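Visitor: I am new to this structure and would like to be guided through it step by step. Please show it to me.

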Amino acid sequence: MENENQKMNEKEEIIFNSIRKNPYISQQELADILDLSRPTVANLISGLIRKGRILGKAYILNESKQIICVGGANVDRKFYMKEKAQLGTSNPVRSSQSAGGVARNIAENLGRLGKEVVLLTACGTDADWEAIVQASDTYMNLDYVTAFPSISTGSYTAVLEGNGDLLVALADMEAYEHLTPGTLRKNESLLARSSAIVADLNCPKETLAYLGNFAETSQVPLVLVPVSSPKMARLPEQLQQVTWLIANRDETETHFNMKIESDEDWRLAVKKWLDEGIQNVVITNGKHGAMAGNRDEGIIHEPAIVAAEIRDVTGAGDAFCSAVIYAWLEGKTLRETVLAGSVNAYKTLLSEFTVRQNLSTSELQKDLEEIK
């Protein structure tokens with residue numbers, strides 16, 4: 001029991017009082033009362049157990065398979081230039097702070113889409129982590145995060161130009177070096193029961209290799225999401241165990257030491273990834289859209305949905321990955337899957353938030369119908 005004196009928020013109070021009146025109330029009944037998804041209610045109940053408000057484990061997540069997201073969870077600080085940037089002097093900006101990190105962002109997107117998600121990451125025991133918890137625990141289970149008192153929680157600082165384009169970014173990702181195979185082995189039963197493991201390349205190379213071997217042995221799908229071109233060096237040597245790779249053009253160029261300057265190059269790059277044994281591949285290319293392929297459905301191109309006015313580019317790639325994973329788990333075709341990614345990325349570009357606040361299964365369906 002953590003602390004019985006921690007205050008409950010409004011939703012937690014409704015759940016607490018409903019359970020007090022009817023200890024046998026189902027999570028779905030609570031979800032209907034609150035007009036929330038059942039996974040969101042499950043996470044709220046898990047939080048009440050941590051706070052010591054509910055005793056026992058009767059209301060923890062049920063046996064349905066969860067998506068495990070492994071990798072970065074950090075504080076995002078954004079500075080928006082008010083004028084053209086000048087080096088060597090002070091620049092006027094407006095700033096904001098939110099929870100970020102590729103694995104965490106994907107987890108929040110999937111949680112908002114009604115999926116049960118568990119985040120596995122390494123963090124410090126500091127105010128930054130508390131801020132991440134406050135922003136995240138409604139959408140994902142944080143019970144399996146490993147805290148290290150000696151380290152700082154990861155942080156990402158972006159300076160954005162007036163049009164929303166990234167000018168420079170600073171990333172403190174040392175915390176994730178603690179996300180070792182040994183750290184993950186403590187949660188092997190959780191990993192083995194999952195519907196998919198999604199790992200970003202903030203994880204050390206040996207951890208990604210471990211996850212590949214584990215996924216193959218346990219027959220669990222593995223999705224790899226690169227973070228940046230330099231992190232491509234962490235990609236495992238064996239890629240036959242990878243179910244999905246969702247990379248961008250720069251990351252692909254880095255891996256194959258090639259230039260993608262035409263549609264023919266782009267298509268060839270997808271084929272190269274498939275030849276390495278990956279089952280499904282997507283290569284995104286900004287305003288040019290995405291090229292995707294697998295053995296059964298061939299290689300397809302999905303044009304980008306061009307935003308007339310971009311509010312913020314941060315999080316659009318994570319939104320794309322999340323909707324791809326969601327649509328694939330829902331049994332959609334390759335084209336439908338990539339379209340879902342494109343639509344979610346487009347809508348995220350129109351939002352100032354890293355994860356758009358209106359995302360839900362019904363909202364994504366509505367967005368897809370609008371585009372069609």
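**Strands and helices**

Guide: Strand β7 (residues 155–160) and β8 pair in the antiparallel sense over 6 bridges, where two strands pair if DSSP finds at least two bridges between them, and strands are DSSP runs of E with at least two residues, numbered from the N terminus. This is a predicted model, in which local features need pLDDT of at least 70 and side-chain atom pairs count only at pLDDT 80 or more, while totals for chains, interfaces and linings use all residues. Residues are numbered from 1 along each chain as its sequence is written, and side-chain values use heavy atoms, with hydrogens and water left out.

Visitor: Which residue in β8 is the bridge partner of Val159?

Guide: Strand β7 covers residues 155–160 and pairs with β8. Within β8, the bridge partner of Val159 is Val168.

Visitor: Which are the edge strands of the open sheet?

Guide: The open sheet has 4 strands with mixed pairing, in the order β3-β2-β7-β8. An edge strand pairs on one side only, and that description fits β3 (93–100) and β8 (166–172).

Visitor: How does α1 lie relative to α2, and why?

Guide: The axes of α1 (residues 10–21) and α2 (residues 27–34), helices being DSSP runs of H or I with at least four residues, come within 11 Å and cross at roughly 135°. Axes are lines fitted to C-alpha atoms, for helices over the stretch in contact, and angles run from 0 to 180 degrees between N-to-C directions. Angles under 35 degrees count as roughly parallel, over 145 as roughly antiparallel, 65 to 115 as roughly perpendicular and the rest as oblique. The crossing angle therefore makes α1, relative to α2, oblique.
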